[in-house]
Structure formats: C-alpha cells, structure tokens
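Dear colleague,

I am passing on the structure we spoke about, and below it you will find my notes on what came out of it. Please read them with the structure open beside you.

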Amino acid sequence: MPQPTLLIRDARCIATMDDAHPEWRDASLLVRGHAIEAIGPADALPRQADEVIDARGMLVVPGLVNTHHHMFQSLTRALPGVQDAELFSWLRGLYPVWAGLTPEMVFVSTQLAMAELLLSGCTTSSDHLYIYPNGVRLDDSIAAARQIGMRFVATRGAMSVGASQGGLPPDSVVEREEAILRDTERVIQAFHDPAPGAMVQVAVAPCSPFSVSRELMRASAALARRHGVRLHTHLAENDHDIAYSREKFGCTPAEYAQDLGWLGEDVWHAHCVKLDAPGIALFAATRTGVAHCPCSNMRLASGIAPVRRMLDAGVPVGLGVDGSASNDGAHLVNEARQALLLARVGRSLEPFGCDHGPAEMTARDALALATRGGARVLGRTDIGRLAPGLCADLALFDLGTLAMAGGAVHDPVAALLLCASPQAAWTIVNGRVVVREGHLATVDAGPLVERHNRLARQLAEAARGA
C-alpha cells in the first residue's frame, strides 16, 4: 500500500542539525510514512501531499531528545515538605510518599509527563522508573507511551540496598536482587526493539551508588550486554554523593563506575555535576555518556556540571529534565536555555577557570545538546537530525509570537533559545502528528490533568495517613 505523505511547506527556517546542510531558509520538508523523504527549497519540493502543514513564519527543528526523567514524580511536584531540600533530604522526604504508588498512578503520571514534553517539542524520552510498590510494573509506563505516541526508552530501574544495610531508601521500597534481574530480563524480552526506527527500547538502570549493591551493578551490566541493551544510572550528583562513594567504596564515583564495568559507549550517567578532571578524561576515553540536568541541579542546589569541559574532551552529552519533583517542569526548550545560561556563568565560579564568557555555550550548541547530543547518548543514529532516511520526528515553533518579536527577525534559531521558551505549534513523531496547532492530538488534556490531580492528592493524603 502507498505510504501516507506529510508536507511541511514554506517554513521560514529548517534547522536540520545535520552536518551536510545545517539550516535551510524558505524551505519545505516531505515525510513519507515514518521517514523524511526530502528537504530543500520550497519551490523544489511538491506543493501537495496527503496532509500539508502551512509552516510560513515557523522554525522547524529535529524532535528534541530527553535523556533522563522520573515521570512518576509529576505526582509530587512542589510538595511543601521538600521544596527547599538538597538531594538526600529530598529523597528521604519523598520515598515514603512514593511507596503509595499504584499502577494507575504510574500510567497517568507517565502520560502527563509525556504530554508536557510533547508540547515542548520533545519527541523521544527516556524514563527512569526505579520504585515498584503495589504491583507497579514498567509495563504501565510503556502502555502510556504507546497510547500518547512518544518515542520511548523505558529504563528498568531498581533499588536493593535499604537503610538497614547502609543505603538511603527505607527497606520498605527496595526489592530483592534476584527478582530485579528476573523482571529486567522479562521486560527486555517483551518490549525492547533493537531495529532502527524503534518506538520502544528498554535499558537496564539500577538507581544509584547509595541504593544498590556492587553485585547488582555488576550483574546488571552483564545482563544488559548479554541482551545488547544500554545501561543507565545516577552518578556524582552532589557533594553528599561524592562523600558517600569515598566513605563506602574508597574511591570517586567515576572510579567506582570503572571498577564495576559501567563505562563505555553503551552507558550513560545522569547529572555528573561533580565529575572531576580524571573522571572527565575517563568518560571521554570510553565514550561514556552524560545526561545533563541543569534545572534539577539548580533546584536541589547540587552545583553546576562542567559541561563545556566534557564536550571539549569528547564526552557525549545530552539533556534531561530529570524528575518532575526536582525540576517541577518538563519543558525541553527551557532545559536547553538553562543549559546555555548556566554554562556561561558556571566557568566563572571555578577557581581555575578564567576563560569563561558568553561564548562558553552558544544557542546552536544548546540546541545540539537537545537534539543530536541526546540521540548520541541514547545510542540512536536515526533521530536527533533532519535528513532524508531518518525518522520523521520534528517540532515546529511559531516565530510570530509576542515573545519572539524582535528576535526571530534576526536569527530564528537563536531566538528559540534566548527568548522566552515557547510551546511547540506542531510536534510530529514517526510521521504522526501528536501536537496540532498547540494542542495534544492523541489524548484529551483536560481529563488527563483532572485525573492526574486527583491521584496526586490521593497519594499525598495516603502518605500523611500512614
């Protein structure tokens, strides 16, 4: 059967993030089925297709890629008891609340988080679900993604070392390691698609050095490599994290990761705020990826990750919005904007850094982190750029808005990152329109928000009554 066609016609600018032709002006883009067929001058492409989007006055970019999230945490945004806490205190305050999660809560919170991401132009997201009370399964998140239409990297997280064994989480929310490994293998076999263009992939993701054992880390790495899937965890997030690694393991987090086999092109670590110079060199040599989460790092006062030094060394870096209770928002354009601003001020705070300045990160650098950088961190060569043959994942932003006035007339790409962060006018995933004229096209946002708020109140009330 002929594949349906979609034409993005007469765009003001198409920023491909592709080395062959980075930016087109007054151009069109043709999608056939799930893939991009052609990009070029508007008068060189067809004028008609099965569906035509009038993109006059719009900027077209690759679908943004989110490399780290905890979507269930959207149920506990702005919770009063932990609004002003650093990482460890924040976690200790929230573990008892999250112990009340149900499968319905995980499904709805995942869909709410994905809706928020899609409306910001994000088309691919990973998610780190590491707590499994009351019958919760990773299957609940995957079902939510399939319904809403987001490209998804579902990571099977885990916690196995409770407070009684020197870990951070209470014993009530950890799992037995044999059960973790068994279920991890189940979800890989049931859901992971290794093919190009995959809509669902699975990664193996023990939570953190302070919540899992060395044995589970090693066994998880072996399991992932046996099945050819990726590895993900938290690392070097703040000073307390560093102190815990030195006290418990007698080494830095990067050295700990090396000892456990958690370095390589198939691994990405979240945060890495406190990655030191030897750690950066180790990550660069092994092409180990980093999910940079600037808003969460600021919200929890964890610090400023040395992103420019990572990039200059050759470390793969993408962006992550992190958990919605440590960021309280999941807007990937805003995350890229914050990455740009934080990089510019961050080097000035380093005692040995005198070469900082406004060029520390440019607007196009930040967009690269949010697109092709994220794709590289997730091991994907089929997304993150716009070029013939790649997945038809893209976002369109209206340049004629109040916030863009006086900026987009000069440089549409820079305006996207430097002006107030906009919502996407259109978001397309795998050739399917999922945001149409600024509104979700696959789920009804009103009932979703209402249901989500009801469950958020229910979760908090249950924790208060426990």
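With which side chain does the side chain of His70 make a polar contact? The partner is the side chain of His68, and the distance between the two is 3.2 Å. Please bear in mind throughout that this is a predicted model, so that what follows describes a prediction, with a mean pLDDT of 96 for the protein chain and 98% of its residues at 70 or more. Among the elements of the chain, the lowest mean pLDDT, 92, belongs to helix H6 (residues 239-249), while the highest, 99, belongs to E6.

The loop after E6

His70 sits in the loop between E6 and H1, and it counts as buried because its relative accessibility is 3%, which is under the 20% cut-off. Setting aside residues up to four places away in sequence, His70 touches Asp127, His128, Tyr130, His234, Asp322, Gly323 and Ser324.

Ser74 is found in the loop between strand E6 (64-66) and helix H1 (87-98), and with a relative accessible area of 4% it is likewise classed as buried. The side chain of Ser74 reaches the backbone oxygen of Ser109 at 3.5 Å, and Ser109 also appears among the residues that Ser74 touches, together with Leu112, Ser324 and His452, when residues up to four places away in sequence are not counted. Ser324 is thus touched by His70 and is also touched by Ser74.

Two further buried residues

Ala55 lies in the loop between strand E4 (51-54) and strand E5 (58-62), and its relative accessibility is 0%, so it counts as buried. Leaving aside neighbours within four places in sequence, Ala55 is in contact with Ile8, Arg9, Asp10, Ala11, Arg12 and Leu396. The C-alpha atoms of Ala55 and Thr371, which are 316 residues apart along the chain, are separated by 21 Å.

Val433 belongs to strand E16 (residues 432-436) and is buried, with a relative accessible area of 10%. Its C-alpha atom is separated by 9.0 Å from that of Gly149, although the two residues are 284 residues apart along the chain. With neighbours within four places in sequence left aside, the contacts of Val433 are Leu6, Glu51, Trp426, Thr427, Ile428, Ala441 and Thr442.

Two residues with positive phi

Ala301, a residue other than glycine, has a positive phi, near 55 degrees. Ala301 lies in the loop between helix H9 (294-299) and H10, and is it buried or exposed? Ala301 counts as exposed because its relative accessibility is 68%, which is over the 50% cut-off.

Asp328 is not a glycine either, and its phi is positive at about 70 degrees. This residue is placed in the loop between strand E13 (317-319) and helix H11 (332-346), where its relative accessible area of 27% makes it partly exposed, a class that lies between the cut-offs of 20% and 50%.

The pockets

The largest pocket has a volume of about 350 Å³. It is lined by 17 residues, of which Val317, Ala368, Arg372, Gly373 and Arg376 are the closest to its centre. Which helices each supply at least two residues of this lining? They are helix H10 (307-313) and helix H12 (363-377), and H12 provides the largest share, 8 residues. By type, the lining of the largest pocket divides into 8 nonpolar, 2 polar and 7 charged residues.

The second largest pocket has a volume of about 200 Å³. Its lining consists of 15 residues, and those nearest its centre are Pro194, Gln201, Leu378, Gly379 and Arg380. Here the division is into 7 nonpolar, 5 polar and 3 charged residues.

When you go through the structure, you may wish to begin with His70 and its contact to His68, then turn to Ser74 in the loop between E6 and H1, and afterwards to the largest pocket with its lining residues from H12.

With best regards

Conventions:
Residues numbered from 1 in each chain as written. Predicted model: local features only at pLDDT ≥ 70, side-chain atom pairs only at ≥ 80, totals over all residues. Heavy atoms only, no water. 1 Å grid on protein atoms, 1.4 Å probe; cavity = no way out; pocket = protein on both sides within 12 Å on 5 of 7 lines; lining within 4 Å. Points joined across faces, edges and corners; volume = space filled by probe spheres on them. Helix = DSSP H or I, 4+ residues; strand = E, 2+ residues; numbered from the N terminus. Nonpolar A, V, L, I, M, F, W, Y, C, P; charged D, E, K, R; others polar. Buried < 20%, exposed > 50% of the residue type's maximum accessible area, 1.4 Å probe, protein only. Polar contact = N/O pair within 3.5 Å; in protein donor to acceptor, adjacent residues only side chain to side chain. Contact = heavy atoms within 4.5 Å. pLDDT = per-residue confidence, 0-100.
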